[in-house]
Amino acid sequence: MTATPAARMSRLGWIGLGVMGRSMCGHLLRAGFAVSVYSRTRAKAEPLIEQGAQWCDSPREVAEVADVVFTMVGFPDDVRQVILGPDGALAGSRPGMIIVDFTTSRPALAQEIAAAAAQRGVTALDAPVSGGDIGAREARLSIMVGGDRAAFDALAPCWQLLGKTIVHHGPPGAGQHAKMVNQILIASNMVGLCEALLYAYRAGLDPEKVLASVGAGAAGSWSLSNLGPRILAGDFAPGFYIEHFLKDLAIALEESRRMQLALPGLALAEQLYRAAAAQGCARNGTQALQLALARLSNIDWQRRNG
């Protein structure tokens, strides 16, 4: 399917205004686009409405007044509801529209959505993102896109307002597969980061000095630079919820089994994050893995300096 003039029009719709979605939508609104919004909790939309966004009562209503609809929700079931449901975006769509799902979801669902959209003359792209709340606020996300290349190219003005690294990976579902690679990398890295900080603490080192030292070398990573300081400060507020990360890791494990891959590091990380969720950290940020691992060594991380 080729891109249509609708892809170059300024009427945008946005569905889902969570930790990342509200910042991303705000960038488009401040750039001058007319944006219609929907969220299950209207209170989350109020700051954007005050800036000029138009409220809609359902995903379907968003699609009825938009040329391009973006979705950023929590779980695959949410994606299915807001796009494919009876009151979803596709039900309110018109030929020539583009629907972009930023949610990290199942590759097979992205393919299903693209096929259902094509039957209505609509193009659907899967475009999961990486960068957390910081990347969303600062418009420097990495955006991994699957689907029609012409539609991807037509949306360049929007991508550029949201991220710094925007890559088209292939057909529907390819963006989701690329995001699974991203999550596999993060999962084991976070285990290493938390264990390293526990080692530094028990060894009596100054953790801030340790971060400065190792962050400048081969051990440096986004997680170390951005989440390491939060861990040391006892800040476990969500930039990305553990419960959402567990969803992603479950998808990655499902896909690895389907492809007959043995990924023991991923499996271990998923189990450790599951333990963190069971200990009450499901709605904390992914850096709260530190609390669960600290307990294994009888360390109360929050009171370590007391």
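These questions and answers cover helix packing and aromatic pairs in a predicted model.

Q: At what angle do the axes of helix 4 and helix 5 cross?
A: Helix 4 covers residues 76–84 and helix 5 covers residues 107–118. Their axes come within 11 Å. Angles under 35 degrees count as roughly parallel. The two helices are therefore roughly parallel to each other, with a crossing angle of roughly 5°.

Q: Which residues of helix 5 meet helix 4, and how many residues of the contact are charged?
A: Helix 4 contributes P76, V79, R80, I83 and L84. Across from them, helix 5 places L109, E112, I113 and A116. By class, the contact has seven nonpolar residues and no polar ones. The number of charged residues is two.

Q: How far apart are the end C-alpha atoms of helix 11?
A: Helix 11 has twelve residues, 222–233. At 1.5 Å a residue, the helix should span 16 Å. The distance in the model agrees with that, at 17 Å.

Q: Against which helices do the buried residues of helix 11 pack?
A: The buried residues of helix 11 are S223, L224, N226, L227, G228, R230, I231 and L232. Their packing partners are helix 6 (132–137), helix 9 (174–202), helix 10 (207–215) and helix 14 (289–296).

Q: Which residue follows helix 11, and what is the sign of its phi?
A: The residue after helix 11 is G234. Its phi lies near 70°. The sign is positive.

Q: How are the ring planes of W14 and F70 arranged?
A: A search of the whole structure finds nine aromatic pairs. In the pair of W14 and F70, the ring centres are 5.5 Å apart. The planes stand at 35°, so the arrangement is tilted.

Q: How many residues apart in sequence are the parts that W14 and F70 tie together?
A: W14 lies in strand 1 (residues 11–15). F70 lies in strand 4 (residues 68–71). The pair therefore ties together parts separated in sequence by 56 residues.

Q: Are W14 and F70 buried or exposed?
A: Buried means under 20% relative accessible area. W14 has 0% relative accessibility. F70 has 0% relative accessibility too. Both therefore count as buried.

Q: What is the geometry of the F245 and Y273 pair?
A: F245 lies in helix 12 (residues 242–258) and Y273 in helix 13 (residues 264–281). F245 and Y273 are buried. Their ring centres are 5.0 Å apart. The planes are at 85°, so the pair is edge-to-face.

Q: Which residues do ring pairs link into a cluster with W14 and F70?
A: The cluster includes W14 and F70. Ring pairs link these two with F102, F152 and W159.

How values were computed. Residues numbered from 1 in each chain as written. Predicted model: local features only at pLDDT ≥ 70, side-chain atom pairs only at ≥ 80, totals over all residues. Heavy atoms only, no water. Axes fitted to C-alpha atoms, helices over the stretch in contact; angles between N-to-C directions. Helix = DSSP H or I, 4+ residues; strand = E, 2+ residues; numbered from the N terminus. Parallel < 35°, antiparallel > 145°, perpendicular 65-115°, else oblique. Contact = heavy atoms within 4.5 Å. Nonpolar A, V, L, I, M, F, W, Y, C, P; charged D, E, K, R; others polar. Expected span 1.5 Å × (residues − 1). Buried < 20%, exposed > 50% of the residue type's maximum accessible area, 1.4 Å probe, protein only. Phe/Tyr/Trp six-rings, centres within 6.5 Å; stacked < 30°, edge-to-face > 60°.
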